[in-house]
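Biologist: I am new to this structure and would like a close look at a single part. Please go through one helix and its contacts.

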Amino acid sequence: MLDLLIYLFENYISTKPKLNMNAITVELEEAGFNNKDISTAFDWFNHLEKLSKGPELTNKNSIRVLSHKEYEKISKEGFTFLTFLLNAKILNPTEFEVILDQIMILNQKYINIDEMRWIVMMTLWKSGKENSYLFVEDSLFHNCLLYTSPSPRD
């Protein structure tokens, strides 16, 4: 599923201001993606857009503890990266929560560091934070882990 999201993001969503969903669906089906996955991917991006335009969290000093399901789904490196971005103020608390929400609705058992970078990058792009988006894009394509402090799993 994440492969389809990345494909959609790279080839359509981040590059074209106006999308023709019917034409994109036909192209994706011809590329070998099934209709149910395509529909789910569009729903995922629509959900991301809706959450990205929602109100910001007001209590910025709260501490976020992962649920058991989140803890099992997100890799240690992925959570460390996400926490680094929050602490560096690249992400705000609302974006942090949006990313966790988007991860949990993915029909995928586990999210590794590279997948986390893609999800963060798509979220930042949807939030209109191009400079931050470029920072995360650089970390994705140069495969660097920016923060190595112990995570909650250590």
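Modeller: What follows is about helix α1 and its partners. This is a predicted model, in which local features need pLDDT of at least 70, side-chain atom pairs count only at pLDDT 80 or more, and totals for chains, interfaces and linings use all residues. Residues are numbered from 1 along each chain as its sequence is written, and side-chain values use heavy atoms, with hydrogens and water left out.

Helix α1 covers residues 2-13 and helix α7 residues 113-126; their axes come within 11 Å and cross at roughly 40°. Helices here are DSSP runs of H or I with at least four residues, numbered from the N terminus. Axes are lines fitted to C-alpha atoms over the stretch in contact, with angles from 0 to 180 degrees between N-to-C directions. On the α1 side the contact (heavy atoms within 4.5 Å) is made by Leu2, Leu5, Ile6, Phe9, Glu10 and Ile13. On the α7 side, Glu115, Trp118, Ile119, Met121, Met122, Trp125 and Lys126 take part.

Helix α1 also holds Tyr7, which has ring partners. Rings of Phe, Tyr and Trp (its six-membered ring) pair if their centres lie within 6.5 Å; planes under 30 degrees apart count as stacked, over 60 as edge-to-face and the rest as tilted. The structure holds five aromatic pairs. In one of them, the ring centres of Tyr7 and Tyr12 are 6.3 Å apart and the planes lie at 65°, so this pair is edge-to-face. Tyr7 and Phe33 have ring centres 5.6 Å apart and planes at 45°, so that pair is tilted. Phe33 lies in the loop between α2 (21-30) and α3 (35-52), so its pair with Tyr7 of α1 ties together parts 26 residues apart in sequence.

Notes:
Helix = DSSP H or I, 4+ residues; strand = E, 2+ residues; numbered from the N terminus.
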